[in-house]
Amino acid sequence: MMTLHQRVVQAKLVIDQQYDQPLSLDQLSDSAHFSKYHFLRLFRKLYKVTPHQYLTRKRIEAARQQLTHSDFSIADIGFRVGFQGVSHFNVTFRKWVGTYPTQYRENTRQQLEQAQTQPATVIPHCFAQSYCTTE
Amino acid sequence: MITKMSHAALYVLDQDEAKDFYANKLGFEVRNDVTMGDFRWLTVAPPEQPDLEITLMPIKPNHVLNDADVKQVRELVKKGAMGSGVFNTSNCQATYEELKAKGVEFISPPTERPYGIEATFKDNSGNWFSLTQRLSQ
């Protein structure tokens with residue numbers, strides 16, 4: 001027999017694993033075997049955000065990863081993480097992250113490239129001096 | 001004056017396995033994974049804490065540790081004598097259930113303390129942490 005907590009966690013894990021699908025509150029509350037209202041209330045109580053806010057956060061986190069580490073187009077990434085249209089993706093991304101996806105990709109790739117080619121820009125000198133034995 | 005802590009170091013037995021644990025079990029972000037010579041700088045952090053990086057440090061001979069030290073530190077890490085820290089959560093019971101379902105080893109279940117509700121768990125090297133829901137949350 002699952003506890004209340006376990007049932008809400010179960011629904012959160014559905015979001016974690018299926019955020020790229022068009023998940024509705026009905027589906028999520030059904031997966032946890034709660035009424036919509038009860039599920040919404042319990043989810044907010046446990047995670048301090050609504051299921052929809054959490055779903056958006058997961059999509060944005062996944063988009064940030066893909067923008068940094070993949071070569072998919074902005075539109076493709078939006079669809080791949082569950083947004084229904086590129087303009088919705090752009091607007092939501094900017095609202096959550098502070099920049100548009102294109103700018104974010106450019107900035108993070110620059111930072112990543114700099115870190116790879118000039119590790120001294122990210123590794124504190126005291127660590128490098130103590131733990132790096134070949135340079 | 002000191003304004004904040006930006007990096008904290010934690011010895012781990014295997015950096016790849018630790019990266020997998022922190023990213024895929026705890027849901028942390030990998031902030032840096034770069035190498036300088038033979039040193040791999042691997043840092044992770046909770047997604048909601050942008051100004052902290054936890055450095056997952058390899059245990060191998062270097063300017064600080066000799067071969068005997070390495071052996072000793074590895075044993076101490078496995079024993080849980082080296083690392084400890086406190087992670088905050090908005091709900092200890094829910095996070096406990098989730099991490100347990102993902103295979104994280106808990107030392108103690110959620111328990112009421114004077115400062116909130118706390119469970120303790122180990123990472124896959126042996127370092128232990130408190131998972132705390134503060135009273136005010």
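Okay, let's start in chain B, where helix H1 (residues 15–25) lies across S2, strand S3 (39–45) and S4, running at about 10° to S3(B). "Lies across" rests on contacts, meaning C-beta atoms, placed from the backbone, within 7 Å. Axes are lines fitted to C-alpha atoms, for helices over the stretch in contact, and the angles run from 0 to 180 degrees between N-to-C directions. Helices (H or I, at least four residues) and strands (E, at least two) are DSSP runs, numbered from the N terminus.

Quick housekeeping. This is a predicted model, so local features need pLDDT of at least 70 and side-chain atom pairs count only at pLDDT 80 or more, while totals for chains, interfaces and linings use all residues. Residues are numbered from 1 along each chain as its sequence is written, and chains are lettered from A and ligands numbered from 1 in the order in which they are written.

Back to that sheet under the helix. Four strands of chain B form an open sheet, ordered S1-S4-S3-S2, with mixed pairing. Pairing here takes at least two DSSP bridges between two strands. The edges are S1 (7–11) and S2 (29–36) of chain B, each pairing on one side only. From one strand to the next, the twist averages 25°. S1(B) runs parallel to S4 (residues 53–57) of chain B, joined by five bridges, and Ala8(B) has Ile54(B) as its bridge partner in S4(B).

Further along chain B there's helix H2 (residues 67–79). What span should its 13 residues have at 1.5 Å a residue? The expected span is 1.5 Å times one less than the number of residues, so we'd want 18 Å, and the end C-alpha atoms of H2(B) are 19 Å apart, which agrees. Right after H2(B) comes Gly80(B), with a positive phi near 85°.

Then more strands. S5 (residues 84–88) and S8 (residues 128–134) of chain B pair in the parallel sense over five bridges, with Phe87(B) opposite Leu131(B) in S8(B). S7 (residues 116–122) of chain B is antiparallel to S8(B), over seven bridges, and there Ile117(B) faces Gln133(B). S7(B) and S8(B) make a hairpin with five residues in between, and Gly126(B) in the turn has a positive phi of about 125°.

Now, the other chain. How many residues does each chain put into the contact? Chain A gives 24 and chain B gives 20. On the chain A side, H1(A) gives the most, with six residues. By class, that side has 14 nonpolar, six polar and four charged residues. The nonpolar set is Ala, Val, Leu, Ile, Met, Phe, Trp, Tyr, Cys and Pro; charged is Asp, Glu, Lys and Arg; the others, Gly among them, are polar.

H1(A) packs on helix H3 (residues 92–101) of chain B at about 60°, axes 9 Å apart. H1(A) and H3(B) are therefore oblique: under 35 degrees is roughly parallel, over 145 roughly antiparallel, 65 to 115 roughly perpendicular, and the rest oblique. The crossing of H1(A) with H3(B) is right-handed, that is, the near helix is turned clockwise from the far one by less than a right angle, with anticlockwise being left-handed. Among the residues meeting there are Val8(A) and Leu13(A) from H1(A), and Ala94(B) and Glu97(B) from H3(B).

Inside chain A, H1 (residues 4–18) also packs on H4 (residues 51–69), at about 30° with axes 9 Å apart. That makes the pair roughly parallel. Lys12(A) is one of the H1(A) residues meeting H4(A), and Lys12(A) also figures in the contact with H3(B).

Terms used:
Contact = placed C-beta atoms within 7 Å.
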